[in-house]
Amino acid sequence: PLFAPFREALLFHDHLLAQGLLAWPLVRLTGNPVLAANLLLLASFVLTALGGLLLCQRLTGSLAAGGIVGLAIAFSPFRLAHLSHLNLLWLHWLPFALLFLERTLETRRWRDAGLLALFSNLLFFSSYNLAPLGALTLVLWTGVRLATEPRLWGGARHWRRLGVLLGTVAAVTFALHLPLGLRYLAVSERLGFTRTPDEVRT
């Protein structure tokens with residue numbers, strides 16, 4: 001067993017719950033976990049390109065620009081440097097989350113907020129390494145877009161509705177991740193898992 005005799009050794013690293021859930025039927029169907037891992041690897045490139053395309057097209061109205069941006073993100077140096085780290089490759093949910101955040105800011109519809117919650121949580125359940133980056137990006141995107149796009153402001157009623165939508169997304173996300181997050185924290189404190197400033201810089 002991994003890291004025997006330690007208990008809860010799966011919490012020593014990213015959980016990859018989303019990848020595991022998607023890989024499970026592939027492994028059951030083919031009996032080949034290597035094939036399942038390779039299919040997930042390839043899917044990350046397709047989904048990253050698609051997410052970048054859709055987000056850029058939404059912002060610019062240009063399909064050609066979206067295609068260029070999608071390919072640039074999918075084959076960026078960061079991704080190519082981490083081909084062996086499936087948890088880091090699965091950042092592709094972030095462009096989809098940003099797309100539906102943008103739609104939520106514009107439409108104030110529950111459907112768009114629901115899809116924002118779905119893709120945000122797919123990202124967080126893919127990698128807790130990426131979760132802080134994803135959460136910070138979503139918060140900054142919201143602030144910048146509202147500060148620079150007066151057309152998104154509306155009246156007091158629109159602000160209240162937006163607050164309810166985004167507050168609901170945040171509350172649902174917090175509730176979903178609280179149990180697992182507490183287990184990670186407990187294991188980290190019990191075994192002294194910390195990083196020094198020098199490790200963080202490198």
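This section describes the salt bridges and the largest pocket of a predicted model.

Seven salt bridges were counted in the structure. One of them joins the side chains of R145 and E102, with a nitrogen-to-oxygen distance of 2.4 Å. R145 belongs to helix α8, which spans residues 131–148, whereas E102 belongs to helix α6, which spans residues 93–107; the pair therefore ties together parts that lie 43 residues apart in sequence. Both partners, R145 and E102, are buried.

R145 also takes part in a salt bridge with E149, for which the distance from N to O is 3.4 Å. The two side chains of this second pair fall into separate accessibility classes. R145 has a relative accessibility of 14% and is classed as buried, because the limit for a buried residue is under 20%. E149, with a relative accessible area of 21%, is partly exposed. Through shared partners, salt bridges link R58, E102, E106, R145, E149 and R151 into one network. The pairs R145 and E102 and E149 and R145 have R145 in common.

A further salt bridge is formed by the side chains of D112 and R109, at 3.3 Å between N and O. Here D112 is buried, its relative accessible area being 0%. Its partner R109 reaches 34% relative accessibility and is accordingly counted as partly exposed.

Attention then turns to the empty space around the protein atoms. Rolling a probe the size of a water molecule over the atoms reveals where such space remains. The largest pocket has a volume of about 950 Å³. Its lining comprises 28 residues, of which D14, Y128, N129, A131 and P132 are the closest to the centre of the pocket.

Several helices contribute to this lining. At least two residues are supplied by each of α7 (110–126), α8 and α9 (156–191). The greatest contribution comes from α9, which provides eight residues of the lining. Helix α8, one of the contributors to the pocket, is also the helix that holds R145 of the salt bridge with E102. Likewise, D112 of the salt bridge with R109 falls within the residue range of α7, 110–126.

In terms of residue class, the lining of the largest pocket consists of 17 nonpolar, eight polar and three charged residues. Among the residues closest to the centre, Y128, A131 and P132 count as nonpolar, D14 as charged and N129 as polar.

Technical notes
Residues are numbered from 1 along each chain as its sequence is written. This is a predicted model: local features need pLDDT of at least 70, side-chain atom pairs count only at pLDDT 80 or more; totals for chains, interfaces and linings use all residues. Side-chain values use heavy atoms; hydrogens and water are left out. A salt bridge is a side-chain nitrogen of Lys or Arg within 4 Å of a carboxyl oxygen of Asp or Glu. Helices (H or I, at least four residues) and strands (E, at least two) are DSSP runs, numbered from the N terminus. Buried means under 20% relative accessible area, exposed over 50%, partly exposed in between (1.4 Å probe, protein chains only). On a 1 Å grid over the protein atoms alone, a cavity is a set of points where a 1.4 Å probe fits but cannot get out, and a pocket is an open set with protein on both sides within 12 Å along at least five of seven lines; lining residues have an atom within 4 Å of a point. Grid points are joined across faces, edges and corners, and a volume is the space filled by probe spheres set on the points.
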